[in-house]
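This report describes a protein complex, moving from single residues to whole chains and then to the contact between them. Please look at the sequence and the structure before reading on.

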Amino acid sequence: MKRLRFDRWTGQLPLTRAGSALGSTSMPRPGVSVATISPRCTAVRYQSTLQNTSVWQGNPTTLESDGPYEQYKLYEEDDGTDHERFPPLEELPEKATTLPSPPPERALQSAKLAALHARLSLPERLPLQTLARALVDASADEDARFNNTNLAFVGQSLIHYHVAEWLMCRYPRLPMDIMYAAMRGYAGPATLHQVARSWGIEHAAAPGGEVDPGLLQFSQQRVGDSITAFGYRRTESKAVQKLRWRHGLSSRVVFDDDFGDMIDVEDSRAELMARANTEWGNEYTRALAERAFANCTRAITGALYAHAGREAAASFIKAHILSRTLNMTYLFAFKKPTRELSLLCAREEFEPPVARLLSETGRASRTPVFVVGIFSGKDKLGEGQAANLNSARHQAAMNALKSWYLYSPGEDTRLPSEMLTEGAKPWEPAYIDIGEIISR
Amino acid sequence: MTIRALQQVSVGRNGVGSFVLQCKKLDFHYCDFGGSSKGMNGFIKSLLPAFVTANPQVEFSVSPRPSRHPVIIAQYINGREKSVCVRNMQPYEILKKATLLRDSNGEKNKRTVKPVRSINESVRGVWSPYHGNGLRV
C-alpha cells in the first residue's frame with residue numbers, strides 16, 4: 001500500500017510535519033531546539049495557492065541562505081521534499097491559532113477573499129480587510145472590533161430602507177400584513193441567506209485564527225450578540241408567545257421590528273442556545289447558519305456603504321436584492337373576499353358588486369367549469385373560474401381585490417432616495433393610498 | 001381580519017440585476033515526470049499567468065500530482081465539481097478546456113429543447129376555451 005503523504009496534501013487546515021509537535025518522539029534536527037520548532041511549525045500552513053507559488057510570480061530562484069527561506073530549517077525531518085520548489089505558502093503570525101478569528105493582516109493573503117471581492121465586483125475602495133471582517137460573525141468572535149455586528153446593523157438598516165421605500169412607491173395600496181410579508185420576502189433572513197449562498201460564500205467548519213479569512217466564520221454552538229432587529233421589547237411578550245395574546249397590527253407597527261415580529265426575547269435566545277448546543281443538524285443549528293449568512297450579506301452591504309458611499313450601496317442593493325423576483329399575488333390569503341369587496345365598493349362609492357356567470361361547461365358532468373365575473377355596474381372588477389359556482393364567485397372576488405391592492409404606478413416609479421443624487425429632477429409626490437379596506 | 005399574508009422567499013436569477021460567475025475555484029494538477037503532463041507544464045509556465053490575471057473572480061491553485069495524468073478540477077457555486085483530464089494535450093487545448101470550465105455554470109449537461117426558459121408570466125396569457133367567441137363545430 002502506498003504511503004500517504006499528508007505534507008503534499010492541500011487543504012484549509014494547517015498540517016504539521018511529522019515530529020514537529022511538542023513531545024514527539026522523533027529526534028530534532030541538530031542545532032534546532034524543540035522549543036523553537038514547535039510554535040512556529042504548528043503555525044505554518046500548507047496550501048497550494050497560486051499567488052504565492054514561485055513558479056508563477058516569476059520570483060528569482062536564487063535563494064539566500066538566511067533570507068526569506070530561513071524557515072525551512074524548521075522542518076526537522078528531511079523527507080525529500082524540495083522546499084525551494086514547494087515552499088510553505090503562508091506563515092501565520094504568532095498566536096494566530098489562539099485567536100478567535102483571523103488577524104486582519106492575513107486578509108491580503110487569502111485567495112478566496114480576493115476572488116469573492118472580484119466576483120461581487122466590489123470597488124477597490126472597499127479593502128480586503130473590511131471584507132474579511134464582514135465574514136466574521138458575532139458568534140465566532142465576541143469582540144465588536146473584529147466581528148461584523150456594526151457593519152451588519154448599518155447594512156440591515158440600508159437594505160430595509162431601500163426595500164420598504166421601493167415597495168411603498170411601487171405598490172402603494174399594499175395592506176400592512178402583506179407589506180410585512182413582502183419585506184420579509186425581499187429582505188428577510190431566509191432571503192439574505194440565499195443571497196450570500198448565491199455569492200459562493202462558504203463557511204469554515206469552526207471559527208479560529210488559523211482559518212482562511214475568505215470563509216464565513218460562525219459558531220454552531222453559540223448565539224452571537226449581533227443586533228439584527230430594531231424594536232421595543234414588549235412587557236407582555238411571554239403571554240403573546242405562550243398564551244397567544246392578541247397583538248394587533250397597529251401595535252406591531254409601533255413595537256415590533258421591520259417584519260412585524262417581536263424582537264428577540266431572552267427565552268427564545270436561551271432555547272436556541274441550549275438546543276443548538278446539545279443537538280446537531282436540527283432546525284436550531286440551521287437557524288444559526290441562516291443568521292450568520294444573512295448577517296454576512298448585511299455586513300457586506302454596510303461595508304460598501306462605509307467605504308464607497310451611499311450610491312454604491314444603493315445600486316448594490318438594487319442589483320442583488322431588489323432585482324429578485326417575488327410574485328406578490330401569492331402573498332394574499334383571504335377569509336371573506338366577497339364581504340371585503342362589497343365594503344370596498346361602498347367606500348369608493350362604486351355600485352355594489354354583482355356576480356354574473358360568464359360561461360360554463362359540463363354542469364352535469366364530473367368536471368364542470370364555471371367562469372364567474374364580478375361586476376360593479378358595467379365595469380368588470382374581476383373574474384374567476386372553479387368547479388362550482390360559489391368557489392368561482394369567491395375566486396372572482398379575490399382576483400378583484402388583488403387587482404385593487406396590487407395597483408402600481410409603473411415599473412420605473414421614482415423613489416424618494418433618488419432625490420439625493422446631484423441634479424435630480426424636482427420631486428413629484430408619490431401616490432399614497434388612504435389605506436386598507438378592513439384593518440385589524 | 002380578512003387578509004392574511006402567506007410567506008414567500010424571493011427568487012434570484014443570475015444575470016438579472018447582477019451577474020456572478022458560477023465557477024468558484026480551478027485546480028490545476030500536473031506531474032513533473034510524466035510525458036502526458038508535458039502540455040500542462042507548458043500551459044502553467046506560459047499561458048496560466050495571463051489566464052489568472054484575466055479572471056480575478058476565480059480562485060486558482062496549482063499543485064503537483066506525481067505519477068498521475070494532469071487534470072483541471074473546477075468547483076462551482078452550486079456545490080458541484082467538474083473535472084477534465086488533460087493528458088497529452090497541447091497548452092492551447094488546455095486553455096480551451098480551462099475556459100470551458102470557467103464558463104460553465106456547474107449544472108449537469110442537459111439537452112435544451114426550448115430556446116427560452118423563464119419564470120415570468122406569459123405576456124400573451126394562456127388560451128382559454130371559455131372566452132372569446134368560441135369555435136363552432
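## A salt bridge across the sequence

A:R170 is buried, with a relative accessible area of 14%. The model is predicted. The partner of A:R170 in a salt bridge is A:E411, and the closest N and O atoms of the pair are 3.6 Å apart. A:R170 lies in helix α5 of chain A and A:E411 in the segment after α14 (389-405), so the salt bridge ties together parts that are 241 residues apart in sequence. Unlike A:R170, which is buried at 14%, A:E411 is exposed, because its relative accessible area is 68%.

Over all chains, the count comes to 17 salt bridges. Four of them are listed here.

| Salt bridge | Closest N to O distance |
|---|---|
| A:E411 and A:R170 | 3.6 Å |
| A:K112 and B:E59 | 3.2 Å |
| B:D27 and B:K25 | 3.6 Å |
| B:R102 and B:D103 | 2.8 Å |

## Chain A

Chain A has 440 residues, and 45% of them are buried. Its secondary structure consists of 14 helices and six strands. The chain exposes about 22,900 Å², and carbon and sulfur atoms supply 53% of that area. Of the contacts in chain A between residues at least 6 apart in sequence, 65% join residues at least 24 apart.

Helix α7 covers residues 189-198 of chain A, and its buried residues are A:T191, A:L192, A:H193, A:V195 and A:A196. What covers them? The cover of the buried residues of α7(A) includes α5 (149-170), α6 (176-187), α11 (283-308) and α12 (310-322) of chain A. Just after α7(A), A:G200 takes a positive phi of about 80 degrees.

A:F375 is placed in strand β5, which spans residues 369-376 of chain A. Is A:F375 buried or exposed? A:F375 has a relative accessible area of 13% and is therefore buried. Leaving aside neighbours within four places in sequence, A:F375 is in contact with residues including A:P352, A:P353, A:V354 and A:R356, and also with A:K380 and A:L381. From A:F375 to A:P352 the C-alpha distance is 8.3 Å, while the two are 23 residues apart in sequence.

A:K95 gives another setting, in the loop between β2 (90-91) and α3 (111-119) of chain A. At 64% relative accessibility, A:K95 counts as exposed. A:K95 and A:E210 are 115 residues apart in sequence, with 9.3 Å between their C-alpha atoms.

The surface of chain A also carries a nonpolar patch of about 380 Å², made by A:Y232, A:V253, A:V254 and A:F255. Of these, A:V253 is found in helix α9 (residues 249-255). The relative accessibility of A:V253 is 45%, so this residue counts as partly exposed.

## Chain B

In chain B, 39% of the 137 residues are buried. This chain has three helices and five strands, which follow one another along the sequence in the pattern β-β-α-α-β-β-β-α. Its accessible surface comes to about 9,100 Å², with 53% belonging to carbon and sulfur atoms. Among contacts in chain B with a separation of 6 or more, residues 24 or more positions apart account for 71%.

B:N55 lies in the loop between α2 (48-54) and β3 (59-64) of chain B. Its relative accessibility is 5%, so B:N55 counts as buried. Beyond its neighbours within four places in sequence, B:N55 is in contact with B:F60 and B:R102. B:R102 counts as buried too, because its relative accessibility is 18%, and it forms a salt bridge with B:D103. The salt bridge of B:D27 with B:K25 joins two residues that are both buried.

## Where the chains meet

The size of an interface is often given as the accessible area lost when the parts come together. Between chain A and chain B the buried area is about 4,100 Å², of which carbon and sulfur atoms give 57%. Chain A brings 55 residues to the contact and chain B brings 42 residues.

How many salt bridges are counted between chain A and chain B? The count is two. A:K112 and B:E59 meet in a salt bridge through their side chains. These two residues also belong to a network of salt bridges that links A:K112, A:E202, B:K24 and B:E59. In addition, 14 residue pairs are in polar contact across the interface of chain A and chain B.

Definitions and conventions: Residues are numbered from 1 along each chain as its sequence is written. Chains are lettered from A and ligands numbered from 1 in the order in which they are written. This is a predicted model: local features need pLDDT of at least 70, side-chain atom pairs count only at pLDDT 80 or more; totals for chains, interfaces and linings use all residues. Side-chain values use heavy atoms; hydrogens and water are left out. Patches are made of residues with over 30% relative accessible area and no salt bridge: like charges are joined within 9 Å, nonpolar side chains (Val, Leu, Ile, Met, Phe, Trp, Tyr) within 5 Å. Accessible areas come from the Shrake-Rupley method with a 1.4 Å probe; for residues, only the protein chains shown count as cover. A salt bridge is a side-chain nitrogen of Lys or Arg within 4 Å of a carboxyl oxygen of Asp or Glu. Helices (H or I, at least four residues) and strands (E, at least two) are DSSP runs, numbered from the N terminus. Buried means under 20% relative accessible area, exposed over 50%, partly exposed in between (1.4 Å probe, protein chains only). Contact means heavy atoms within 4.5 Å. Buried area is the accessible area (1.4 Å probe) that two parts lose on being put together, summed over both. A polar contact is a pair of N or O atoms within 3.5 Å; within protein, one must be able to donate a hydrogen and the other to accept it, and residues adjacent in sequence count only if both atoms are side-chain atoms.
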